[in-house]
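Here are my notes on the fold, set out as numbered points. Please read them with the structure open.

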Amino acid sequence: MDNRNLELVTELRHLLHSNPELSGFETETKKTLIAFLQRHTSLSIVDRGKWFYAVYKAGDSLPGSYPSLAFRADMDAVAVEENLDLPYKSKNPGVSHKCGHDGHCATLAGFALEVEQLKPQKNIYFLFQHAEENAGGAIECVSIFENEKIDEIFGLHNMPGWPKKSIVLREGTFMCASEGITATFTGTSTHASTPWKGINPAIALAETILEIKKISEKSLYKSMVLCTIIHSSLGTEGAFGVSASKASLSVTCRAEHDADIRALKERLYDSARAKAKEHSLTCEFSVHDSFPATVNSKAGIERVRQAAEKLGLPFIELDDPIGGSEDYGYFLQKTDGAFFFIGAGDHPGVHSWEYDFPDELIETGVEMFKALL
């Protein structure tokens, strides 16, 4: 990677780190990235409101004359206080780039600088996506596939715990599907001295919790599923004179395959509805943070493997999918491609206050993207 380009995007990474923004509110982040690309490249910018993409065209021939590749970076930060004493520490209380999306954006911007110099005979789309952390961004960005002819898409994520600069990947499901679900049971309140005059949802809540083990039974599914209790509530704390009338249960459903997570959800719904009916309650559901499985194509995997081999980087192919989720899966439902990790070595984990994206991974990411061309 050109030394000057690396200096520029390292400074950009530190600037982004100092000004983190939560999912859906990446206004200044977006402005900073657009300004950087306009200052240092001649790429055209397509502004889509909360997100944008930059475009490099190989020529003015008819659409389809050149292969078209997209590369993606996520822009949002997380709600973690910055406690590291960094010269570029977060200026926004309670918000920081503890997942490394500042590094991902710097990597994609660095790749854009290199593409301008390389002038490849391909059309390249540099997608800067908002709101990855809550799964709200990618599902809005899929319109790029309707507006542009994109043959493949590639994305990366830094990941502590694997050897530094190693490339970590898996064919098929790389990261699991997940979805947050809250079931709310509603009965009738009454004085605590006459509970028989009301309808208390306590038993229905308890029985639904006990059903979770049954509906998560391994034999019911194609592969791994998990239903994790996140939170439950019943009545009002301190209201000793009132028999509870409302309860809620929040769980995260997780599965290797999208079909399995749909089946798990339906069993949860059926169980909660049955308990509500049995105890004369109403039951309503809300869904949050819906991540599809991130399913890498065989062709995309082979491209990443070849790129890693070309660069002499160690390649680690996983036997089992990663349990966590990533909304990049929405893109792989639209076209071929792959999502991969770059190992960050023995480094504090993402989303911990001790984490800071290792600057040396910027060049590794840029070189991987270049090799994928």
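1. V168 has its bridge partner in β15: the partner is I316. The model is predicted, and that applies to every point below. V168 belongs to a short pairing. Strand β6 (residues 167-169) and β15 run parallel and share 3 bridges.

2. Helix α10 (residues 360-372) packs on this sheet. The strands α10 touches are β3 (68-74), β5 (152-159), β6 and β16 (336-343). The direction of α10 makes about 155° with that of β16.

3. Now the whole sheet. It is open, has 8 strands and mixes its pairing. The order is β1-β2-β4-β3-β5-β16-β6-β15. Which strands stand at the edges? They are β1 (44-47) and β15 (315-317). Each has a single partner strand, so one side of each lacks a neighbour in the sheet. From one strand to the next, the twist averages 25°.

4. There is also an open sheet of 4 strands, with antiparallel pairing. Its order reads β10-β12-β8-β13. Here the edges are β10 (225-234) and β13 (282-291). Each of these two pairs with a single strand, so one side of each is left without a neighbour in the sheet. Neighbouring strands of this sheet are turned by 15° against each other on average, direction ignored.

5. Look next at the pairing of β8 with β12. Strand β8 (residues 177-186) and strand β12 (residues 246-255) are antiparallel and joined by 10 bridges. Within this pair, I181 has V251 of β12 as its bridge partner.

6. Two helices deserve a check against the 4-stranded sheet. Helix α6 (residues 202-215) packs on the sheet and touches β8, β10 and β12. The direction of α6 makes about 10° with that of β12. Helix α7 (residues 258-278) packs on the sheet too, touching β8, β10, β12 and β13. For α7, the angle is about 10° with the direction of β8.

7. On to helix pairs. How do helix α2 (residues 27-40) and helix α3 (residues 101-118) cross? Their axes come within 10 Å, at roughly 15°. That angle makes α2 roughly parallel to α3. The crossing of α2 and α3 is right-handed. From α2, the contact uses L33, F36, L37 and H40. From α3, C105, A109, A112 and L113 take part. By class, the contact of α2 with α3 has 7 nonpolar residues, 1 polar and no charged.

8. Helix α1 (residues 3-18) also meets α2, with axes that come within 11 Å and cross at roughly 165°. The two helices are therefore roughly antiparallel to each other. The crossing of α1 and α2 is right-handed. On the α1 side, the contact consists of L8, V9, L12, L15 and L16. On the α2 side, T29, T32, L33, F36 and H40 meet them. The residues of the contact of α1 with α2 divide into 7 nonpolar, 3 polar and no charged.

9. Is K30 buried or exposed? K30 sits in helix α2. Its relative accessibility is 10%, so K30 counts as buried, the cut-off being under 20%. Beyond its neighbours within four places in sequence, K30 is in contact with D47, G49, K50, W51, F52 and M75. K30 and L16 are 14 residues apart in sequence, and their C-alpha atoms are 9.7 Å apart.

10. E148 raises a similar point. E148 lies in the loop between α5 (143-147) and β5. Relative accessibility is 18%, so E148 counts as buried. Not counting residues up to four places away in sequence, E148 touches Y53, K57 and Y125. S68 is 80 residues from E148 along the chain, yet their C-alpha atoms are separated by 8.6 Å.

11. Last, the chain as a whole. Its secondary structure comes to 10 helices and 16 strands. Of the 373 residues, 54% are buried. The C-alpha atoms fill a box of roughly 80 × 45 × 40 Å along the principal axes. Of the contacts with a separation of 6 or more, 80% are between residues 24 or more positions apart.

Methods. Residues numbered from 1 in each chain as written. Predicted model: local features only at pLDDT ≥ 70, side-chain atom pairs only at ≥ 80, totals over all residues. Heavy atoms only, no water. Pairing = 2+ DSSP bridges. Axes fitted to C-alpha atoms, helices over the stretch in contact; angles between N-to-C directions. Contact = heavy atoms within 4.5 Å. Parallel < 35°, antiparallel > 145°, perpendicular 65-115°, else oblique. Left-handed = near helix turned anticlockwise from the far one by under 90°. Nonpolar A, V, L, I, M, F, W, Y, C, P; charged D, E, K, R; others polar. Buried < 20%, exposed > 50% of the residue type's maximum accessible area, 1.4 Å probe, protein only.
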